[in-house]
Amino acid sequence: MTTNPVRITQEGARSAAADALIIGVTQGTDGPVPASGSEDVDAALGNTLAATLSALGATGRQDELTKISSGGATAAPLIVAVGLGKEDQGGERARLESLRRAAGSAVRAVNGGKTRSIALSLPAGDAAETEAVALGALLGRYSFTRYRTTDADGAGTANSPSLTVLSGAAGADEAVRRAQALADGMALVRDLVNTSPSQLYPETFAAEAAQVADGAGLTIEVLDHQALADGGYGGLTGVGQGSVHPPRLVRLAYQHPDARKTVVFAGKGITFDSGGLSLKPPKAMEAMKSDMGGAAAVLGALQAIAALKPQVNVVGYLPMAENMPGGRAQRPSDVITIFGGKTVEVLNTDAEGRLVLADALARSAADTPDLIIDVATLTGAQLVALGPRIAGVMASNDDLATAVADVARQAGEQAWPMPLPEELRKGLDSTVADIANVAGERWGGMLVAGLFLKEFVPDGARWAHVDIAGPAFHEGEPYGYTPKGGTGAAVRMLVQVATDVADGRL
Ligand code: BES
Ligand code: MN
Ligand code: ZN
């Protein structure tokens, strides 16, 4: 995956040999202000940069793009000025996200066509800024071309351009290494999510995981259909039984010799969610190849963690099944037995994610984890509550939900804490089994799903549930470093969780 890594250099922007040179511009009160990193370019242009940008109508608005021909004044023939918004828009997190987005927007704007090399001379005064620029650029360069027989010019699929980040910051090399690990993990997730579900089903997804594990030095164990049936994984076998592609449970492990704590990540791996016999309408099915986004995020995070080597043990569970309405499919009113023995009345076969996750959560007791995080494209209600870009975080207690949402935001992802109100639990009472998989009332659907999962969390464990139904898949126009399709949501958050647990912060 680490093809074409980012180069880092301290050389001056005017001599950077690239097809395109990206600089920043902020939104000043009296017009556009060339940002730090553009000084050398401004000097090469005879200090005309601000005037030129102004004349071209630039304002410095976030992600605004202004292209200038260098006329030979810089080694790069094309200068791209990207807006960074108002200087001082509130704190370091906002500033770093502004850099990531600007780098991503600018790289997207020049990627493709004849551009073979891109240099970025954005504000990169310290390691954190350098990482933000590199990460935004790498994520902005991503494209999914597997199924294209020709590109827009009809010339065959393009190779991606080289990236050079101009930074003299202390720790710049390490910062770029971190950006590279995160970007590789997210690109893996994007590829897996974007892959046609006719090609990505439990067996092939597990094979991909094995390949990643092999490359990253992770240990892997794969339970096939027979092992799941023998082991009593009734959630996975129940959800998977309507498909010609049988389910799998993948367990990945990263170990650090000096680790004092163990974190478990579990990700929903429904490779396609038709709804089962509780069939979805066609429109609602269109994005359902992304229903394995949680499992992919756990895989991508583990790959990055293996590269970054935090001092903690991490176990990843990827429960994989295809939810289809075949002749052997589970029926509304079927009772199944989850790993560990609790019974569930399946009243709606479209509430399948919680069933496969229940198996994984119950199984994770064997790892005696200090913290469990599950990530899942679990409910449409998440989109209703928080919109398409903000993940909902629920937890065994509200302080933990707040802490995990904060870790996500620290890592550059949007997330917000949500409650698990006890009074909603009785809606899941079943007339025949220990619990039903859906409530009679639809209110608080994201929270009800969280309450269901809570029943399968090992006793006393610290646990958080992250609903990424919206964030995992982007249906609108690309923005910043986010393309259409798979986004790579939750990778950065999970890596940050591992790092924070290793450092005793979580
Ligand atoms: N995979 C869906 C949730 C989803 C919806 C993800 C939209 C991304 C975008 C999940 O399996 C599902 O179908 N949930 C149902 C639950 C309901 C039956 C209680 C839902 O949200 O409608
Ligand atoms: Mn469903
Ligand atoms: Zn689903």
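**A ligand and two metal ions**

Visitor: Which residues come nearest to ligand 1?
Guide: The model is predicted. Around ligand 1 there are 16 residues. Those that come nearest are Lys280, Asp291, Asp350, Glu352 and Gly380.

Visitor: How much of ligand 1 does the protein bury?
Guide: Start with the polar contacts. Side-chain N or O atoms of Asp273 and of Glu352 each lie 2.9 Å from an oxygen atom of ligand 1. A backbone N or O atom of Thr377 is 3.3 Å from a nitrogen atom of the ligand. Taken alone, ligand 1 exposes 510 Å², and the share buried by the protein is 75%.

Visitor: Is the site of the manganese ion (ligand 2) octahedral or irregular?
Guide: Asp273 (OD), Asp350 (O), Asp350 (OD) and Glu352 (OE) coordinate the ion at 2.0 to 2.2 Å. There are six donor atoms, with angles of 70 to 168° among them. Six donors count as octahedral if opposite ones are over 155 degrees apart and all others between 65 and 115. The site is classed as irregular.

Visitor: How many residues apart in sequence are the parts tied together by Asp273 and Asp350?
Guide: The donor residues are spaced D-x76-D-x1-E. Asp273 lies in strand β11, while Asp350 lies in the loop between β14 and α11. The pair therefore ties together parts whose separation in sequence is 77 residues.

Visitor: Which residue bridges the manganese ion (ligand 2) and the zinc ion (ligand 3)?
Guide: The two ions lie 3.2 Å apart. Asp350 is partly exposed, at 23% relative accessibility. The bridging residue is buried, at 3%. The bridge is Asp273.

Technical notes. Residues numbered from 1 in each chain as written. Chains lettered and ligands numbered in written order. Predicted model: local features only at pLDDT ≥ 70, side-chain atom pairs only at ≥ 80, totals over all residues. Heavy atoms only, no water. Donors = N, O, S within 2.8 Å, 3.2 Å for Na, K, Ca; no water. Tetrahedral: all angles 85-135°; square planar, octahedral: opposite > 155°, others 65-115°. Helix = DSSP H or I, 4+ residues; strand = E, 2+ residues; numbered from the N terminus. Buried < 20%, exposed > 50% of the residue type's maximum accessible area, 1.4 Å probe, protein only. Near = heavy atom within 4 Å. Polar contact = N/O pair within 3.5 Å; in protein donor to acceptor, adjacent residues only side chain to side chain. Areas by Shrake-Rupley, 256 points an atom, 1.4 Å probe, with all protein chains shown as cover.
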